[in-house]
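Thank you all for coming; I would like to walk you through one model this morning, going element by element. Please keep the structure open in front of you while I talk.

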Amino acid sequence: MTDALVIVGAGIEQIKAYELASKMGFFVIGTDINPEAPAFDNADDKVIASTRDPDATLSALKKYFSLNSSLNFSGIMTIANDVPLTVATVSNEFGLPGISVDSALIASDKVLMKNVFKSNGVKIPLFREIGSSEEIAIAMNEWSGPIVIKPVDGRGARGVLLLTEDTDFEWAYRESMSFSTVKRVMLEAFIDGPQISTESFLIDGSSITPAFSDRNYEDFLSYAPYIIEDGGTLPALLSDEERRLINKLVEDGSAAMGITDGIVKGDIVMGEDGPVIIELAARLSGGYFASDQIPLSTGVDLVKESIRFATGSKVDINDLAVKRTRGVAIRYFFPPEGLVREIHGAEGLGDMAGVVKSEIFIKPGDIQQKVKAHPERAGFVIAVAESRSDAVKMVEAAIDSVEFIID
């Protein structure tokens, strides 16, 4: 029989996983609701099902494997796709490696996640679920400083708003709620401090975190009240002790969620009293963090290790050890709103010093919308250098070299 790996999602950011799995000898099956999804070009076969519908995906895969008995269903995974419940539903039904359905449910509900953290003594900001805009005013009086409102099932910073006393609370409540499929929102105390992205692998409950990245929010007030990230930089400016504390925090948070093995992506903020968890995601990260930035900076390929884990192979702790430390920076394009007339300089990005990957999502004739969430950014550049500072200089030079003519 031929060993088959299912990858949930066939978007552009999933392509590396498809390519790598094929090189590792697997028959690669992609799932996506879009029959023309780009990663399908790298698949051996495809199954059409919504990545966000666990039952539909399970039903479609049951049918597929019943008709393809020469294939051994060896594992299921995803990357850059926040669908832990879909992956867990299938892996548990077929007896494959992965997290439990209960853990996936926790990872899919930010309030449930925060309650689990709180009951297990894991450091988090103050939070509460709310059912009306009036509750925002109550929290504003009880908590000191700004507050964040977000959908409990949000993705890609959709509906995440920074609230101050001057905010129209009724508008903010409606705006955030409009991005929630389950029509639930929550409040969270805003902690002012450096924000860190982490990518960790858990083996028998122990966390190994090869990658720490500084999230770049230098200009986030320009998009207020929307909280928009303009990329990140590796390695993060952290001491060894801060890295140890963050890794332990991720380990404790994962344990609280019932996750002892596999990948966990962390959103961490460094508060006055040390690191605090904003969220943990039970998946490989997007934004080309897991697929490109981490291997470029550290030499660690977490996509390969996740494929090994998903298909039942033992992950060697030595393969998670940092091999090198290079500077890697990603930044995004933020053109002004309006009709895109012309774009100058994009064709030369690949020739610029340090640039290893770039893409512009818009083209002449498109309308650039106001950026209210991460998917609305107009493109990105990734640059690599021997030092962090040089990587930042190179990526900023590349971003500045592109001119958008907007009406």
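Before I name any residue, let me fix one term: I call a residue buried when its relative accessible area is under 20%, exposed when that area is over 50%, and partly exposed in between. Please also bear in mind throughout that this is a predicted model.

With that term in hand, let me begin with the salt bridges, of which the structure holds 22. One of them is formed by Lys62 with Glu93, where the closest N and O atoms are 3.1 Å apart. Because Lys62 belongs to helix 2, residues 54–67, and Glu93 to helix 3, residues 84–94, this pair ties together parts that are 31 residues apart in sequence. Lys62 counts as partly exposed, because its relative accessibility is 40% and so falls between the two limits I gave, and Glu93, at 47%, is likewise counted as partly exposed.

A second pair is Glu229 with Arg215, whose closest N and O atoms are 2.7 Å apart. Here the link is between distant parts of the chain, since Glu229 sits in the loop between strand 10 and strand 11 while Arg215 is in strand 10, 14 residues away. Are these two partners buried or exposed? Glu229 has a relative accessibility of 12% and counts as buried, and Arg215, at 16%, counts as buried too.

A third pair lies within one helix: the side chains of Arg244 and Glu241 meet in a salt bridge, at 2.7 Å from N to O, and both residues are in helix 8, three residues apart, which is about one turn of the helix. Arg244 is partly exposed at 47% relative accessibility, and Glu241 is partly exposed at 41%. Beyond single pairs, there is also one network, in which salt bridges that share partners join Lys110, Lys114, Lys150, Glu188 and Glu279.

Let me stay with charge for a moment and turn to the surface. Which residues form a negative surface patch? They are Glu218, Asp219, Glu396 and Asp400. Of these I will single out Asp219, which lies in the loop between strand 10, residues 206–215, and strand 11, residues 232–234, and which is partly exposed with a relative accessible area of 44%.

Now to the strands, and to strand 12 in particular, which covers residues 262–271 and is mostly covered, ten of its ten residues being buried. On one hand, strand 12 runs antiparallel to strand 9, residues 195–203, and eight bridges join the two; within that pairing, Ile196 stands opposite Ile268 of strand 12. On the other hand, seven bridges join strand 12 to strand 13, residues 274–281, again in an antiparallel arrangement, and there the bridge partner of Met270 is Pro275 in strand 13. The connection from strand 12 to strand 13 is a hairpin through two residues.

Just ahead of that strand we find Met257, in the loop between helix 8, residues 240–256, and strand 12; at 3% relative accessibility, Met257 counts as buried. Met257 and Ile343 are separated by 86 residues in sequence and by 46 Å in space, taken from C-alpha to C-alpha.

A further sheet deserves attention: it is open, has three strands in the order 17-15-19, and is paired in an antiparallel manner. Strand 17, residues 367–368, and strand 19, residues 403–406, stand at its edges with a single partner strand each, so one side of each is left without a neighbour in the sheet. Strand 15, residues 338–344, is joined to strand 19 by four bridges, with Glu342 opposite Ile405 of strand 19.

I will finish with the backbone. Two peptide bonds are worth inspecting: the bond from Ala224 to Pro225 is cis, with omega near 5°, and the bond from Leu234 to Pro235 is cis, with omega near -5°. Pro225 is in the loop between strand 10 and strand 11, whereas Pro235 is in the loop between strand 11 and helix 8. Finally, Ala157 has a positive phi of about 65° although it is not a glycine; Ala157 lies in the loop between strand 6 and strand 7, and is buried at 16% relative accessible area.

Definitions and conventions: Residues are numbered from 1 along each chain as its sequence is written. This is a predicted model: local features need pLDDT of at least 70, side-chain atom pairs count only at pLDDT 80 or more; totals for chains, interfaces and linings use all residues. Side-chain values use heavy atoms; hydrogens and water are left out. Buried means under 20% relative accessible area, exposed over 50%, partly exposed in between (1.4 Å probe, protein chains only). Two strands pair if DSSP finds at least two bridges between them. Patches are made of residues with over 30% relative accessible area and no salt bridge: like charges are joined within 9 Å, nonpolar side chains (Val, Leu, Ile, Met, Phe, Trp, Tyr) within 5 Å. Accessible areas come from the Shrake-Rupley method with a 1.4 Å probe; for residues, only the protein chains shown count as cover. A salt bridge is a side-chain nitrogen of Lys or Arg within 4 Å of a carboxyl oxygen of Asp or Glu. Lys and Arg count as positive and Asp and Glu as negative; His and the chain ends are not counted. The place of a charge is taken as NZ of Lys, CZ of Arg, CG of Asp or CD of Glu.
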